[in-house]
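Work through the exercises below with the sequence and the model open. Each task is followed by a solution in steps.

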Amino acid sequence: FQIAESTNFEYAITVVILLNVVSMVVKHYNQSDCFTAGLYYINCVFCTIFIVEATIKIIGLGPRWYIYDPWNAFDFVVVIFSIVTIVMDTLNQEYACGVEKGEAVADVPGLGILRVFRIARVFRLVRRMKGLRQQIETLIISLPSLGNIAALLTLMIMIFALLGVTFFYNVNLEQDGEERMDSHANYFHLDAALFSLFRQTTGEAWNSIMYYTMNRNGFYNSCDKAYLDYYGDGCGDQYLGIFFHVGWQLLGTYVMMQLFTAVILENFHEMTQGDISTIPIEKLNEFVDVWHILDPEAEEEIPVAKVPELIASLSPPMGLRGKLVSRNALMAVIKDLSIPIRKGKVQYRDTFVACVKRVLADDHSDEDGMNVDSEEPEDASAIGEAEPSSFSGSAHFRGRRITAAEDFAARAVQKAFRDWREKKIQVVKAVNLTLWIPINGEPDDFVTQ
């Protein structure tokens, strides 16, 4: 368990994944058999490391809690497919270098797909890189809004495609030999118009297409069919071509397409602000790890005397790790923790909730300008007086439950009194000791008691 939850272990696996990515990108066309064999053995090493990682986590966390994490389930599936690809590569004799290969299994259906699945190992980096994970979460959250914008964009491109077919269905594609419009980019049919407008949203040669639709060389040269009813119909117009294509660039490229970016940036900003106003999951996991050190038997309770050690071991904002941990600093934190004491111990859930409430109360007081900390102890004491049965087993004094903050304060007073008393005793001993020294006596006359 300690290895599976170790930060150094996660860093090591991250480095292995990066090296595995490097080994995958060096594969190239027409590579030698020895180069292929080298990649095969490297892949075997990486696969073995991933199998060991999965085994350690399954043993440390247990199968139930290992599968409970979706990322662990994904890692396990990747390991299974990696083993299958190793077996297939072995049957295909990719390990051979400088020797004649026997009968291979290169024609096995789906073997290429299994090999491509190795790229799934790259996605394991998402779990370990907070910034990348946040961007993917932002993209997932933005999908409903992006779907609405995509529907609106589809509607607009359909409208412009119908207008394009109506106005430019008879444009000549060979007006000057420059082939600014061709069999793929034209307005002859609705499907071709849709493709042409979609291509123009990228800014690809839209002005050249506009040039052909401006009817600059007369109907005989600008119309594909310049006879009977087709003469002058659907051949474009100078102002019509400009308004149509410039309008699509403004609406389709500079408005609709940019809305996708705007929605993603807005959601990313909201997620960033949410992370600032809430406690990151890494901090919550750190609380669990520190509690496990203080409660190795998983009894879900620790002696109240260990609460200062817990606070000193947690990093900000939940604790004081990395700062100067003094008695006053601990008092400033613990005084805000309304943790009930039950038989000289504090419970895991009570302590966890109290620490989280303290951080959230600080955030809200900073944002709203309200003194939440001053209100919380009153509410907590009121709850303790009104419903003492809800804290069954907790210590009470004169009808009010005793918290870890009061216990810490009492211990601090006791320690200060013991220190003062010890100093007083030492002073008395020193005074009494000097009374035995004769004023005019010899050193041999000094008697100690």
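**Exercise 1.** Decide whether C44 and C355 are buried or exposed.

Solution. The model is predicted, and the accessibilities are computed from it. Step one: a residue is buried when its relative accessible area is under 20%. Step two: C44 has 19% relative accessibility, so C44 counts as buried. Step three: C355, at 2%, also falls under the cut-off and therefore counts as buried. For context, 33% of the protein's 449 residues count as buried.

**Exercise 2.** Find how many disulfides the structure holds, and place C44 in that result.

Solution. Step one: the pair of cysteine sulfur atoms must lie within 2.5 Å. Step two: a search of the whole structure gives zero disulfides. Step three: for C44, the nearest cysteine sulfur belongs to C47 and is 7.2 Å away, and C44 is in no disulfide.

**Exercise 3.** Describe the largest pocket: its volume, its lining and the element that supplies the largest share of that lining.

Solution. Step one: the largest pocket encloses about 1,800 Å³ of space. Step two: 37 residues line the largest pocket, and those closest to its centre are E5, R127, I281, E282 and N285. Step three: several helices give two or more residues to the lining, among them α1 (7-25), α7 (130-168) and α12 (281-294). The largest share, nine residues, comes from α12. Step four: sorted by class, the lining has 15 charged, 14 nonpolar and eight polar residues.

**Exercise 4.** State how many helices and strands the protein has.

Solution. The count is 17 helices and four strands.

Conventions:
Residues numbered from 1 in each chain as written. Predicted model: local features only at pLDDT ≥ 70, side-chain atom pairs only at ≥ 80, totals over all residues. Heavy atoms only, no water. Buried < 20%, exposed > 50% of the residue type's maximum accessible area, 1.4 Å probe, protein only. 1 Å grid on protein atoms, 1.4 Å probe; cavity = no way out; pocket = protein on both sides within 12 Å on 5 of 7 lines; lining within 4 Å. Points joined across faces, edges and corners; volume = space filled by probe spheres on them. Nonpolar A, V, L, I, M, F, W, Y, C, P; charged D, E, K, R; others polar.
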